[in-house]
Amino acid sequence: MPVSIVVGGQFGSEGKGKVALEVVRYHSRSPVTVVRVGGPNSGHTAYDRNGKKWTLRQMPAASVDKNVDVVFPAGSYIDPELLFEEIAALDYPLDRIRISKFARVITSEHRDWEDKAGITKTIGSTGSGVGAAVLAAVARESKNLSLSSPSAGKTELLAPLVADVADLMDAKLSRNERLIVEGTQGFGLSLLDGGFWPQATARNTTAAGALAEAGLSPRMVDDVTLVVRSYPIRVAGESGPLENELTWEEVGRRTGKTGLEEFTTVTKKLRRVGEFEPKLVRRAISVNRPDRVVLNHMDYVGEQHEMNQSSSPVSEFLGRIAPQIGPIHWLGFSPTTVVENVCCSQRMAGGMRQ
């Protein structure tokens, strides 16, 4: 059952790309394929083996080492120009990228529709056209919605990359090759389960939703990772509730650090930041049932060497939230790596069982 899924447990920007890359590296001694669901309405960041930072919106962050096959399944939304820009920047071999002919294509028409609809202001949408592309696909050429829904199979620019990815992935699974589904955004933004509609994305962002978009059977999944962060964020503007919202100055004051401000990849606006909210994470854990939970941005709390110090800010933070959400398996103290939480009694499970 060699399918891994990586999803977010808050409002996005939890560090899913870094974690998906970590899962790829764990399995790198055998063939690995990364399946990128969703669309380019958010950015994923990862550092390659040479230490170069990559922030990608269309290509999966887990591909930055250029040692995996990349699949865009039927449940993906593709901006062709952006895709080829990122392929060129990565210098990624085209023969390792395949797109389902059923994947939907984002056009300038979709971006214009979102701009005129005003959702960039009313719900904090990035305006990347993904929501309109989803709407157009669901409308199925209805006469009262003047939005087209071109498919990858009928888009000339994508023709060299189009293949029967269902057969391709089935063949890989039959050879027991690892498939890693890199999810997008976070549980609190999920259209169905998040609980913050209408300040939500246009898709279901759970592990089950990512699996459905990938076109894979749940019987093949043996490994689910949920990624959260110490201080959750939401995008700027009217993007929805953020319990116990803080300022970046307050977060910095607590740790004695400056320059912690974060800006969105697409709109370049200052993100909102808040206290860790256990209730949302518990819901995300209940729905996704992960094999492991990863807590990133722990450098906003303290330093890695403080993990074993009982009275340190790191130990106090973990001691406060772990009883509320359950075991925390990995901790991220930097943008590049994660470490195993030595205080976690539950060992890694599923596809990364040791």
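In this predicted model, Q185 is in contact with G8, G12, E14, K16, N41, S42, T201, R203 and T205, once its neighbours within four places in sequence are left aside. Two sets of positions that UniProt marks as "binding site", both from an unreviewed entry, offer a way into the structure, and Q185 belongs to the set that also holds N41, S42, G43, H44, T126, R140, T201 and K269. The points below follow Q185 and some of these annotated residues, then turn to the nonpolar cores and to S239.

**Q185 and its set of annotated positions**
- Q185 sits in the loop between β10 (178-182) and α7 (207-214), and because its relative accessibility is 9%, under the 20% limit, it counts as buried.
- The side chains of Q185 and T201 are joined by a polar contact of 3.1 Å, and both of these residues are listed in the UniProt "binding site" record.
- Do the positions of this set gather at one spot or lie apart? They span 229 residues in sequence and the farthest two C-alpha atoms are 33.9 Å apart, so they do not all gather at one spot.
- Two members of the set, T126 and K269, are part of the lining of the largest cavity.

**G43 and H44**
- A further UniProt "binding site" annotation, from an unreviewed entry, covers G43, H44, T45, R271, H297, M298 and D299, and G43 and H44 are also named in the set that contains Q185.
- G43 is placed in the loop between β2 (32-36) and β3 (44-47), while H44 is found in strand β3.
- Is H44 buried or exposed? With a relative accessibility of 4%, H44 counts as buried, whereas G43, at a relative accessible area of 21%, is partly exposed.
- Not counting residues up to four places away in sequence, G43 touches L56, R57 and T265, and H44, under the same exclusion, touches K16, G17, R36, W54, T55, L56, A61, E182, G183 and T184.
- L56 is thus found among the residues touched by G43 and among those touched by H44.

**M298, L331 and the nonpolar cores**
- M298, which UniProt includes in its "binding site" annotation, lies in the loop between β15 (292-296) and α10 and is buried, with a relative accessible area of 0%.
- Beyond residues up to four places away in sequence, M298 touches S230, V314, F317, L318, L331, G332 and F333.
- The largest nonpolar core has 52 residues, and those with the most contacts inside it are V3, I5, V181, L216, L295, M298 and L331.
- Helix α10 (residues 313-325) supplies the largest share of this core, 5 residues, and the core draws at least three residues from each of domain 1 (3-105 + 151-226) and domain 2 (233-352).
- L331 is in contact with L295, M298, M307, L318, T337, V338, V339 and N341, leaving aside its neighbours within four places in sequence.
- Apart from this core lies another one, of 35 residues, which includes V23, V32, I78 and I180.

**S239 and its partner R272**
- S239 lies in the loop between β12 (233-234) and β13 (245-246), and this residue is buried, with a relative accessible area of 3%.
- Which side chain makes a polar contact with the side chain of S239? It is the side chain of R272, in a contact of 2.6 Å.
- R272 also appears among the residues in contact with S239, together with I123, G124, Q199 and R234, when neighbours within four places in sequence are left aside.

Key
Residues are numbered from 1 along each chain as its sequence is written. This is a predicted model: local features need pLDDT of at least 70, side-chain atom pairs count only at pLDDT 80 or more; totals for chains, interfaces and linings use all residues. Side-chain values use heavy atoms; hydrogens and water are left out. UniProt positions are given in the numbering used here, feature names are shortened, and annotations may be inferred rather than shown by experiment. On a 1 Å grid over the protein atoms alone, a cavity is a set of points where a 1.4 Å probe fits but cannot get out, and a pocket is an open set with protein on both sides within 12 Å along at least five of seven lines; lining residues have an atom within 4 Å of a point. Helices (H or I, at least four residues) and strands (E, at least two) are DSSP runs, numbered from the N terminus. Buried means under 20% relative accessible area, exposed over 50%, partly exposed in between (1.4 Å probe, protein chains only). Contact means heavy atoms within 4.5 Å. A polar contact is a pair of N or O atoms within 3.5 Å; within protein, one must be able to donate a hydrogen and the other to accept it, and residues adjacent in sequence count only if both atoms are side-chain atoms. A nonpolar core is a set of buried Ala, Val, Leu, Ile, Met, Phe, Trp, Tyr and Cys residues joined through side-chain atoms within 4.5 Å. Domain bounds come from an automatic or database domain assignment.
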